[in-house]
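Please walk me through the surroundings of the bound ligand in this model, beginning with the place where the ligand is found and then turning to the residues around it.

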Amino acid sequence: MPKSVRLKSFELVARDIADVDVESLHALTVAVGWPHRPKDWDWLRKLGRGYAVVDGIGRVFGSAMWFPYGEDFATIGLVITTPRAQAQGNGRWLMEQVFEQCRGRDLGLNSTRASHNLYVSLGFRNEATVCMYQGLVADSLPNLPALKGELIEPPAETLEELIELDTQAFGSRREELIKALEPISTIRALNRGGRIVGYSMCREFGRGHVIGPVVASNDEDALHLTAIHLEDLKGQFARVDTRETGPVADFLQTCDLRVAERVTTMSKGRVLLNRISGQPWIYGLAGHALG
Ligand SMILES: CC(C)(COP(=O)(O)OP(=O)(O)OC[C@H]1O[C@@H](n2cnc3c(N)ncnc32)[C@H](O)[C@@H]1OP(=O)(O)O)[C@@H](O)C(=O)NCCC(=O)NCCS
């Protein structure tokens, strides 16, 4: 696999994303209108692996990252070509570099409209639409059905239980992700009959806060696990990424969050989304790049 590519007059090389100046990566996301702050990039870089494409004097023209979950699965994200270098083959080349590193793994990603043709041509299949709800949270939230159980701040020693629940919901063990989210997130868990049956996290990201992952076994639990964070964010900017179209979507709209973007969950290899009624499910995404 070639390690350099010529784009018109640019000779670009792939460099380990960990070795690139974070301000240059920040400039890349700003250029495509994404909200990542330098500290978001730093956190993502510690968690995942990937490439930045740079020219001879170190200017960054693109990026692509992947996040391994266990031995046989990974999500791909942060695939960007800076606008002035787009449509010249860089995105495809970056994906080939990532494929080389991810060989043997099933893959999942959330595709923007701009990247959809590229991913289809690389063998990814559509699974579902993700809506990004965001905005300033309403000053009063709608009433919810009675809570069955108790919402708690889970003690540190229950992290393993949350990871187990997340694995059932996601289908791959995201242990490193959950452990990386734990110190930067407010976490709530739903305890019912002495057992944790759902959890949710909320952290600072981009323009405000993102609520996710949200893992629950039914809509009502998911509503409570989302609302507990929104209560603390009244009047502030919040974001929730969800594939739900029913009560959870209605609730978010009543909280004044609106759909700002739609992306498509796609997979290559095993099917990613296998919902079983009454079993733990991903109601809110950790992030587009993280699944
Ligand atoms: C998506 C993105 C990374 C593609 O990067 P790129 O360097 O322009 O991609 P390439 O030049 O390798 O093109 C790959 C394919 O994309 C499609 N494509 C690229 N530019 C296109 C354009 N202007 N119009 C239509 N299709 C286009 C084509 O299908 C192309 O296939 P081809 O190789 O058969 O021509 C880039 O547009 C981008 O950064 N967009 C904003 C951020 C984003 O949405 N990232 C995706 C995150 S999931």
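The ligand sits in the largest pocket, where a pocket is an open set of points on a 1 Å grid over the protein atoms alone, with protein on both sides within 12 Å along at least five of seven lines, and sitting in it requires that more than half of the molecule's atoms lie within 2 Å of its grid points. This is a predicted model, in which local features need pLDDT of at least 70 and side-chain atom pairs count only at pLDDT 80 or more, while totals for chains, interfaces and linings use all residues. Residues are numbered from 1 along each chain as its sequence is written, and side-chain values use heavy atoms, with hydrogens and water left out.

Around the ligand there are 20 residues (each with a heavy atom within 4 Å of it), the closest being Val 79, Thr 81, Ala 87, Gly 89 and Thr 112. At least two residues of this shell come from each of β5 (73-81), α3 (90-101), β6 (106-111) and α4 (113-121), and α4 gives the largest share, with five residues.

Polar contacts, meaning pairs of N or O atoms within 3.5 Å, link ligand oxygen atoms to the protein: a side-chain N or O atom of Thr 112 lies at 2.6 Å, a backbone N or O atom of Gly 91 at 2.8 Å, and a polar backbone atom of Gln 88 at 3.0 Å. Of the 920 Å² of accessible area that the ligand has on its own, the protein covers 69%, by the Shrake-Rupley method with a 1.4 Å probe.

Methods
Polar contact = N/O pair within 3.5 Å; in protein donor to acceptor, adjacent residues only side chain to side chain. 1 Å grid on protein atoms, 1.4 Å probe; cavity = no way out; pocket = protein on both sides within 12 Å on 5 of 7 lines; lining within 4 Å. Helix = DSSP H or I, 4+ residues; strand = E, 2+ residues; numbered from the N terminus.
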